[in-house]
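Dear colleague,

I am handing over the structure we spoke about, with the sequence alongside. Please look through it first, and then read on for what was found in it.

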Amino acid sequence: MKFFVDTAEIDQIKELNDLGMVDGVTTNPSLIAKSGRDILEVTKEICDMVDGPVSAEVVALDADDMLAEGRKLAKIADNIAVKVPLTWAGLKTCKTLTDEGIMVNVTLCFSANQALLAAKAGATFISPFIGRLDDINLDGLELIEDIRTIYDNYGFETNILAASIRSANHMSDCAKIGADVATAPPNVIKAMANHVLTDKGLAAFMADAKKAGIKIV
């Protein structure tokens, strides 16, 4: 499973990218606003740093304006994936941009039917939001399973990009289900390294090393 980092903070992306933990980046208007940066400027900087796809989201609501914004965003770099919402206008925009050879990430997916439409429209990525479904007492992971089944049934090439990831458990669960990509905030990716028994074992090793006077350099 590929890891995308869900942030527009350059320092956080660089840290994970230098460790080989970043296969791509996802942004949205909220993350851009939080960064305090100009969308075109910060997106270009991210694209220059990361080899994989960088999702940049349109802010228009009608198809013509989405298309104009998507084409402008796509000019930033070859690795831009234009992010459009899962609305009828978004699907129209997805189809046109895909036909023009531009990667498209269809976002805010909350049902298998929506994911099926996005695949039919030629989406490069579909972004089902796990955490937001969990927030309303629906099973976000079940949606990933349903989409995986549908896509495999018919050979759709759209990548399942699990989004709204809230925990390290979400990451491993998505990997077991067969999500192609999971996008998560930097703190969630870092939390995957944590385990209470690792901490306990390390503390015991360090205590024994100190008692024995072990030094390496």
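In helix α5, the buried residues are Ala 89, Gly 90, Leu 91, Thr 93, Cys 94 and Leu 97, and I should say at once that the model they come from is a predicted one. The cover over the buried residues of α5 includes two helices, α4 (63-74) and α6 (112-120), together with the strands β4 (80-85) and β5 (103-109). The length of α5 can also be checked: it runs over residues 88-99, and because each residue is taken to contribute 1.5 Å, its 12 residues should span 16 Å, which agrees with the 17 Å found between its end C-alpha atoms. After α5 comes Gly 101, a residue with a positive phi, near 85 degrees.

The packing of two other helices may also interest you. In general, a packed pair of helices is described by the angle between the axes and by the distance from one axis to the other. For helix α1 (residues 10-18) and helix α3 (residues 39-49), the angle is about 10 degrees and the axes lie 11 Å apart. The angle is under 35 degrees, so α1 counts as roughly parallel to α3. On the α1 side the contact is made by Ile 10, Ile 13, Lys 14 and Asn 17, which meet Val 42, Glu 45, Ile 46 and Met 49 on the α3 side. Sorted by class, the contact of α1 with α3 comprises five nonpolar residues, one polar residue and two charged ones.

Is Leu 197 buried or exposed? This residue sits in helix α11 (residues 196-212), and because its relative accessibility is 57%, Leu 197 counts as exposed, the cut-off for that class being over 50%. Between Leu 197 and Ile 216, which are 19 residues apart along the chain, the C-alpha separation is 25 Å.

As for the protein overall, it has 11 helices and eight strands, and its C-alpha atoms fill a box of roughly 70 × 40 × 30 Å along the principal axes. Of its 217 residues, 45% are buried. Among the contacts with a separation of 6 or more, 57% are between residues 24 or more positions apart. The exposed area of the protein comes to about 11,500 Å², of which carbon and sulfur atoms supply 54%.

With best regards

Conventions: Residues numbered from 1 in each chain as written. Predicted model: local features only at pLDDT ≥ 70, side-chain atom pairs only at ≥ 80, totals over all residues. Heavy atoms only, no water. Axes fitted to C-alpha atoms, helices over the stretch in contact; angles between N-to-C directions. Helix = DSSP H or I, 4+ residues; strand = E, 2+ residues; numbered from the N terminus. Parallel < 35°, antiparallel > 145°, perpendicular 65-115°, else oblique. Contact = heavy atoms within 4.5 Å. Nonpolar A, V, L, I, M, F, W, Y, C, P; charged D, E, K, R; others polar. Expected span 1.5 Å × (residues − 1). Buried < 20%, exposed > 50% of the residue type's maximum accessible area, 1.4 Å probe, protein only. Areas by Shrake-Rupley, 256 points an atom, 1.4 Å probe, with all protein chains shown as cover.
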